[in-house]
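Here are a few exercises to work through with the structure open in your viewer. Try each task before you read its solution.

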Amino acid sequence: RAWVGDGAQLTVSADPNPDGTDSWATLLPGGANIDWLHSIAITAHTNANAFNMVGDPRLWNQATSGDAAIGGAFNYLGASNTTIAGIGSGAKVIADASKKNEVQVSAVAKDTFVSFSPISGKGGTAALQGTVAITDVKDITHATVSAAADISAHALTLHAQNPLMIWALSGAVAMSDKASIGISIGINNAKTDTVASIGDNSSDDAAPADPAAAPTQTGGKIKVAKLDVLATSEGEVGGVSVAGSAVTAASSGGAQKPDANAGSGLVDLLKNVTSTSKDLQTKLASVDTLSGALTGGGSGGGSGGSGTSMLGNASKYLGELSSATSALGTVVDKASSLGQKGGGSAPTGATSTSGSFGIAVSGAASVNMASLGSRAELSGANIDNGSQGTRVTVQAINRAQLASAAGAAALSLAKGG
């Protein structure tokens with residue numbers, strides 16, 4: 001947060017550079033520089049980067065010749081960022097217009113988040129591989145000036161920018177002799193609030209306001225030759241989910257009855273996964289409640305901070321995963337029953353050849369949920385540059401790209417002898 005408080009005063013008069021600009025730099029210890037675009041620059045910048053991988057990218061690293069191979073990955077990447085730059089009520093900001101000195105209020109929040117969940121497994125009689133990758137991002141990016149502030153300069157620029165790159169990538173592959181399930185789910189949930197405005201910005205002021213003595217938000221004056229109020233949200237939000245399953249039964253001769261337990265073992269595995277998901281959901285809810293109590297915000301991530309909110313969201317997604325797993329168990333159980341009913345038997349004295357009964361189930365889902373807001377406004381502002389006039393630009397742009405792809409394949413390679 002970069003903020004010029006209520007009633008503060010800033011004054012600058014600097015000769016322009018040889019190229020006519022008013023940029024300058026601050027030399028830090030160690031030789032590093034901070035470059036400022038204009039004579040008065042009020043800048044807040046957030047640069048958040050995260051790459052989360054849960055799972056194992058090595059194909060068939062989880063393999064067993066025993067009864068079952070079970071693998072699962074739950075990847076939740078949550079972030080909540082607030083980036084605010086502004087000038088408060090009653091502040092006086094003066095930059096020498098005769099020397100082309102300008103004022104800039106800039107808030108930039110740059111996000112690069114990738115969640116990656118790969119898993120694969122090969123078992124004897126059953127294989128269950130499931131993965132969930134979730135990216136949950138909330139950004140508040142505001143560049144604001146109070147309508148009660150007095151600003152005099154050659155130009156005033158307000159710019160709120162929120163460039164995004166958010167991806168959820170998931171993949172699951174399962175292989176066994178009788179029953180295989182591969183499930184892959186990728187979810188992006190992105191919410192942004194990008195605002196550039198001149199008006200009532202009391203909600204952006206970090207200082208606690210006394211309602212009985214709240215500062216006025218009108219009555220200021222802006223005297224500039226050029227005024228730009230710009231809000232921009234841009235970037236990409238994407239997801240890719242891939243799932244595969246295969247049943248490879250060995251050939252055999254003579255009459256063969258379908259295995260009555262081909263699917264029952266996998267149903268039991270799914271029940272265990274459901275139970276584990278519910279247990280983890282309960283533990284996350286407990287941590288969320290405790291965190292909220294410690295911060296005085298209660299549970300659910302209200303005023304207790306973004307940390308408890310992210311835990312609550314993770315618990316919610318786990319609950320949905322538990323319900324989906326339970327429903328999948330019902331489907332597999334019914335498929336197993338149908339296989340048993342369709343088996344039949346060979347007539348007495350006859351010789352027949354039949355393949356083994358197998359179940360292969362694959363499912364993939366990729367979901368983008370985006371609420372991307374960009375707003376630029378002038379409200380209650382007094383813009384007066386005398387007879388010279390002011391060139392005004394108020395512009396809000398939202399050019400984020402959304403992409404989502406999902407694919408699944410189920411393959412049965414049962415052979416008769």
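**Exercise 1.** Work out whether Asn201 is buried or exposed in this predicted model, and find what surrounds it.

*Solution.* Start with the relative accessible area of Asn201, which is 3%. The cut-off for buried is under 20%, so Asn201 is buried. Next, place the residue: Asn201 sits in the loop between strand E13 (179–199) and strand E14 (222–223). Finally, skip its neighbours within four places in sequence and list the contacts of Asn201: Trp3, Ile87, Thr144, Val145, Ser146 and Gln217.

**Exercise 2.** Which residues of the largest nonpolar core touch the most other members?

*Solution.* The core has 29 residues, and the ones you're after are Ile42, Ile87, Val103, Val105, Val145, Leu156 and Ile198. Now zoom in on Ile42. Leaving out neighbours within four places in sequence, Ile42 is in contact with Ala2, Trp3, Val4, Ala85, Gly86, Ile87, Gln104, Val105 and Ser106. There's another core apart from the largest one, with ten residues, including Leu77, Phe113, Val137 and Leu372.

**Exercise 3.** Trace the order of the five strands in the open sheet and find its edges.

*Solution.* Follow the parallel pairing and you get E1-E7-E10-E13-E16. Strand E1 (2–4) and strand E16 (359–378) pair on one side only, so they are the edges. Averaged over the sheet, neighbouring strands are turned by 5° against each other, direction ignored. For one pairing inside the sheet, take strand E7 (residues 68–87) and strand E10 (residues 126–146): they pair in the parallel sense over 20 bridges. To check the register, pick Ile70, whose bridge partner in E10 is Leu128.

**Exercise 4.** Which parts of the chain does the salt bridge between Asp15 and Lys99 tie together?

*Solution.* First, the geometry: the closest N and O atoms of Asp15 and Lys99 are 3.3 Å apart, and the cut-off is 4 Å. Then locate both ends. Asp15 is in the loop between strand E2 (9–12) and strand E3 (24–27), while Lys99 is in the loop between strand E8 (92–95) and strand E9 (102–122), so the bridge joins parts 84 residues apart in sequence. Last, check accessibility: Asp15 is exposed at 58%, whereas Lys99 is partly exposed at 26%.

**Exercise 5.** Do the same for Arg399 and Glu234.

*Solution.* Their side chains meet in a salt bridge at 2.9 Å, N to O. Arg399 belongs to strand E17 (residues 391–412) and Glu234 to strand E15 (residues 226–247), so this pair ties together parts 165 residues apart in sequence. Arg399 is partly exposed at 48%, and Glu234 is partly exposed at 24%.

Methods: Residues are numbered from 1 along each chain as its sequence is written. This is a predicted model: local features need pLDDT of at least 70, side-chain atom pairs count only at pLDDT 80 or more; totals for chains, interfaces and linings use all residues. Side-chain values use heavy atoms; hydrogens and water are left out. Two strands pair if DSSP finds at least two bridges between them. Helices (H or I, at least four residues) and strands (E, at least two) are DSSP runs, numbered from the N terminus. Axes are lines fitted to C-alpha atoms, for helices over the stretch in contact, and angles run from 0 to 180 degrees between N-to-C directions. Buried means under 20% relative accessible area, exposed over 50%, partly exposed in between (1.4 Å probe, protein chains only). Contact means heavy atoms within 4.5 Å. A nonpolar core is a set of buried Ala, Val, Leu, Ile, Met, Phe, Trp, Tyr and Cys residues joined through side-chain atoms within 4.5 Å.
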